[in-house]
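Work through these exercises with the model open beside you. Try each task before you read its solution.

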Amino acid sequence: MTSPVLLHHLLEAAVDGAHPAVVHGGRSLSYDGFRAAVARCASHLLEAGLRRGDRVAIVLPRGIEECWAIFGVSRASGVFVPVNALLKGPQVRQIVADCGAAIVITSRAQSAFVEKAVEGLPLRVLYVEDMEARDAAGSVSSEPCIGEDLAAILYTSGSTGLPKGVMLSHRNLLAGARIVRTYLEITPRDRILSILPLSFDYGLNQLLTAIEQGATTVVFTFRLGDDIVRALRDHEITGLAGVPTIWAILTQGAPLLRTTPLPALRYITNSGGRVPTETVRALRGLLGDTRIFLMYGLTEAFRSTFLPPEEVDRRPTSIGRAIPECEVFAVTADGRRAGPGEPGILVHRGPTVSLGYWNRPEDTARVLRPHPFRDATVGGETVCYSGDLVVQDEDGYFSFVGRDDAMIKSSGYRISPTEVEEALMASGRFRQVAVVGLPDRLAGQRVHAVAVPAGADGVDTQSVLRALGENLAGFMLPRAIELVEALPVTPNGKVDYKELVRQRTQDVAA
Amino acid sequence: MLAAVMEQDDVEGVLYAYLESRFPALAPCDADIPLLEGGAVDSLGFLELMMFLGERFGIELQDDDFDPENIGTPARLVAFIRRARR
C-alpha cells in the first residue's frame with residue numbers, strides 16, 4: 001500500500017476484514033462492515049449533491065454511526081464537523097450556521113431536535129438509517145482531494161465569544177494519528193475504550209490511531225465510575241484516554257476499581273488539563289503495571305506534548321516534551337526564547353499545526369504566526385502560539401503554569417466566559433455579569449457567575465440557571481450565580497477578572 | 001451554609017437543598033425525579049453527590065451501594081441514607 005494521504009486511506013491498510021473495528025453496547029462492526037458503511041455513506045452524500053470541500057455537520061449520539069460517518073464524509077471529499085451530543089439546540093445551530101454546512105447527518109431518533117435547531121438554514125438533513133438501508137454502495141465518484149485540503153473543522157472555545165472552528169487538513173489528522181500511535185505503541189491487538197466525544201481533538205485522535213492500526217474501538221457512555229471499571233474488565237480494554245475529571249471519578253467514585261484486576265489495561269492517557277499529583281499517585285497504586293501517559297494538546301495544534309510513563313513518578317505535574325515529529329518551545333512576553341525556569345507561552349511547530357479558525361482571519365493571526373526566530377526568507381514557517389503559559393525545567397520537560405487570558409477549563413472543556421455571560425444577560429435579570437473559573441478539586445475549574453441584579457427586587461438565581469440549561473450544555477452552566485452590588489474594575493474601566501478570582505480564592509484559603 | 005443549620009435528622013431537607021443548589025435543573029426537587037436518566041446529573045455530579053453523602057452524613061459507599069435501586073431517585077437516596085446511618 002502507498003502511504004496514506006487522505007483520512008479515509010487509513011481504511012486501506014491490510015487488516016483482517018473480520019476483525020472488529022468498532023463495538024458499542026451489544027453491537028459490533030468488523031473492518032469489512034465498517035468499510036462498507038463508509039462507502040454507503042459516501043455514496044449517499046454524493047447523491048445528495050455534496051461537492052469537494054462542502055462542510056457536513058455530524059449530529060449524532062455516541063455510537064458506531066458517528067465513527068463511520070466521519071470517514072464517509074472524507075471519502076466523499078467533504079469536510080466533517082462533529083458536533084458534541086451534549087450541546088443544546090441554539091449551540092448546534094451556531095456551529096452548523098458558522099461553518100456553512102451543506103448537509104447535516106443525524107439519526108431518526110434525533111430528527112425533531114435537529115430539524116428545529118437548523119430550521120431555515122440552507123442545507124439538507126440526511127439520516128444514517130437511510131445510509132444503512134442502501135444496497136451495496138454504487139460507484140463513488142467525487143472530485144478527489146489532496147492532503148492539504150480541509151478534512152475536519154473542530155469547534156472549540158477561547159477566552160471570548162462563541163465557539164470557533166479549528167480547520168484541520170487531511171495531513172494534520174494523519175500526522176496526529178501516526179505520531180500518537182507511535183509513542184503509545186498501538187497494534188491491531190489493542191482494544192481502546194472511547195468515552196470522549198469525537199468533537200474533541202483528543203477523542204477524535206484516539207479513534208484515528210485505532211483505525212490506522214486496525215485495532216478495536218469500544219464506544220462507551222458511562223454515568224458512574226464503576227461503569228467504566230466494568231467496561232474495562234468486560235471488554236478487556238488495553239487503552240483508555242480520559243480527562244482529569246475521569247481520573248477523579250475512577251480514584252474517588254469507583255469502589256469496584258479497588259477489587260478489580262485489569263491485567264489487559266496496557267496504558268491510560270490524560271489530556272485536557274493537569275491531573276492533581278495525589279490522583280496520579282492513586283492511579284499508580286490502583287492500576288499496577290498500567291503505563292500512565294500525561295499528554296497536552298490544543299485543538300489549534302491537534303496534539304503537542306507527552307510525558308513518558310517512566311518519568312511520571314519523578315515529574316507528576318509535567319506535560320512532558322514535544323511529541324514525535326514536532327518541536328515545542330516557550331517564548332517570553334518580550335519575544336525571547338525562555339530559559340529553564342522562566343515562564344513563557346508554549347509555541348508548537350510541526351505537521352499537526354492547524355490551518356487556523358474557519359472564517360476568522362483576525363483570530364487566526366493571533367494564534368498562527370511566523371516562526372519567531374527564523375525568518376520566512378530562510379525557511380521559517382507558520383507556528384502555533386498556544387496561549388498557555390508554561391515553564392521548562394533543566395532537563396527540558398515542560399509544566400503548565402496558567403493561561404494569560406480568561407478562558408475557563410472545566411472537566412476538560414474549554415469554556416468562553418463571554419458566551420456564558422451573554423446567555424445570562426439575555427435573561428434580562430442582570431445589569432452586569434462576569435463569569436470566572438474558580439479552582440475545583442474535581443473539575444479543575446468550576447464555572448462561577450458574579451452578577452449585578454437589574455432591579456431592586458432581587459433575582460431567583462435558581463430559576464435563571466434552570467432556564468439557562470435549556471440553551472447551554474450542562475458543562476457550561478455556572479455552579480452558582482453570586483449577586484453583588486458592583487463588579488471590581490481595572491484602572492481603565494474594564495471588569496477586573498483577576499480580582500474577582502483572587503477575592504474568591506482567598507475566601508477559601510482563609 | 002443551609003445544610004449546617006438543619007436538624008441532623010432532616011435527611012430529606014438537607015439532601016433536597018443540596019440537589020437543588022448543585023443541580024438547578026432538578027429544582028423544585030421531586031421525590032421521584034430520575035437522577036440517572038435525563039442528564040440533569042452528569043458523571044462528575046454523581047461523584048460530587050457521593051462525596052457530599054460522605055461529608056454530610058458520614059456514609060462510606062461500598063461497591064454494592066452504587067445501584068440504581070439506591071441512588072435512582074431522591075426518594076431512594078433518602079431511604080438509602082437512613083438505612084446506611086442506622
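**Exercise 1. Decide whether A:Cys384 is buried or exposed, and describe its surroundings.**

Solution. This is a predicted model, so every value here is computed from predicted atoms.
- Step 1: locate the residue. A:Cys384 sits in strand β19 of chain A, which covers residues 382-392.
- Step 2: count neighbours. A:Cys384 has 24 C-beta neighbours inside 10 Å.
- Step 3: apply the cut-off. A residue is buried if 20 or more other C-beta atoms lie within 10 Å of its own. A:Cys384 therefore counts as buried.
- Step 4: list contacts, leaving aside neighbours within four places in sequence. A:Cys384 touches A:Glu300, A:Ala301, A:Val347, A:His348, A:Val353, A:Val367 and A:Leu368.
- Step 5: set sequence against space. A:Leu346 is 38 residues away from A:Cys384 in sequence, and their C-alpha atoms are 8.5 Å apart.

**Exercise 2. Do the same for A:Val328: where does it lie, and is it buried or exposed?**

Solution.
- Step 1: A:Val328 belongs to strand β16 of chain A, residues 327-331.
- Step 2: A:Val328 has 25 C-beta neighbours inside 10 Å, so it counts as buried.
- Step 3: again leave aside neighbours within four places in sequence. The contacts of A:Val328 are A:Ser304, A:Thr305, A:Ala322, A:Leu346, A:Val347, A:His348 and A:Phe398.
- Step 4: check a distance. A:Val328 and A:Val452 are 124 residues apart in sequence, and 43 Å separate their C-alpha atoms.

**Exercise 3. Find the sign of phi at A:Glu185 and at A:Asn359, and place both residues.**

Solution.
- Step 1: recall the rule. Most residues other than glycine have a negative phi.
- Step 2: read A:Glu185. Its phi is near 55°, a positive value in a residue other than glycine.
- Step 3: place A:Glu185. It lies in the loop between α6 and β9 (191-194) of chain A. With 12 other C-beta atoms within 10 Å, A:Glu185 is exposed.
- Step 4: read A:Asn359. Its phi is positive too, about 65°, and A:Asn359 is not a glycine.
- Step 5: place A:Asn359. It is in the loop of chain A between β17 (344-349) and α11 (361-367). It has 14 C-beta neighbours inside 10 Å, so A:Asn359 counts as partly exposed.

**Exercise 4. At what angle do helices α6 and α7 of chain A pack?**

Solution.
- Step 1: find the helices. Helix α6 of chain A covers residues 170-184, and helix α7 of chain A covers residues 201-213.
- Step 2: read the geometry. The angle is about 75°, and the axes are 8 Å apart.
- Step 3: name the arrangement. That angle makes α6(A) roughly perpendicular to α7(A).
- Step 4: list the residues in contact. From α6(A) come A:Leu173, A:Gly176, A:Ala177, A:Val180, A:Arg181 and A:Leu184. From α7(A) come A:Asn205, A:Leu208, A:Thr209, A:Glu212 and A:Gln213.
- Step 5: sort by class. The contact has five nonpolar, four polar and two charged residues.

**Exercise 5. How does the radius of gyration of chain A compare with that of a compact globule?**

Solution.
- Step 1: a compact globule of 510 residues would have a radius of gyration near 24 Å.
- Step 2: chain A has 23 Å, which agrees.
- Step 3: check the extent. The C-alpha trace spans about 65 × 60 × 55 Å along the principal axes of chain A.
- Step 4: add the burial. Of the 510 residues in chain A, 51% are buried.
- Step 5: add the secondary structure. Chain A has 14 helices and 25 strands.

**Exercise 6. Which domains does chain A have, and how do domains 1 and 3 touch?**

Solution.
- Step 1: the domains of chain A are domain 1 (27-145), domain 2 (325-403) and domain 3 (408-509).
- Step 2: the centres of domain 1 and domain 3 of chain A are 36 Å apart.
- Step 3: five residues of domain 1 of chain A contact six residues of domain 3 of chain A.
- Step 4: on the domain 1 side, three residues are nonpolar, one is polar and one is charged.

**Exercise 7. Describe chain B and its contact with chain A.**

Solution.
- Step 1: chain B has five helices and zero strands.
- Step 2: of its 86 residues, 28% count as buried.
- Step 3: the contact takes 17 residues from chain B and 21 residues from chain A.
- Step 4: helix α3 (residues 43-57) of chain B gives the most to the chain B side, with six residues.
- Step 5: by class, the chain B side has ten nonpolar, three polar and four charged residues.

Conventions. Residues are numbered from 1 along each chain as its sequence is written. Chains are lettered from A and ligands numbered from 1 in the order in which they are written. This is a predicted model: local features need pLDDT of at least 70, side-chain atom pairs count only at pLDDT 80 or more; totals for chains, interfaces and linings use all residues. Domain bounds come from an automatic or database domain assignment. Two residues are in contact if their C-beta atoms, placed from the backbone, lie within 7 Å. Ala, Val, Leu, Ile, Met, Phe, Trp, Tyr, Cys and Pro count as nonpolar, Asp, Glu, Lys and Arg as charged, and the others, Gly among them, as polar. Helices (H or I, at least four residues) and strands (E, at least two) are DSSP runs, numbered from the N terminus. Axes are lines fitted to C-alpha atoms, for helices over the stretch in contact, and angles run from 0 to 180 degrees between N-to-C directions. Angles under 35 degrees count as roughly parallel, over 145 as roughly antiparallel, 65 to 115 as roughly perpendicular and the rest as oblique. The radius of gyration is taken over C-alpha atoms; the globule rule is 2.2 Å times the number of residues to the power 0.38.
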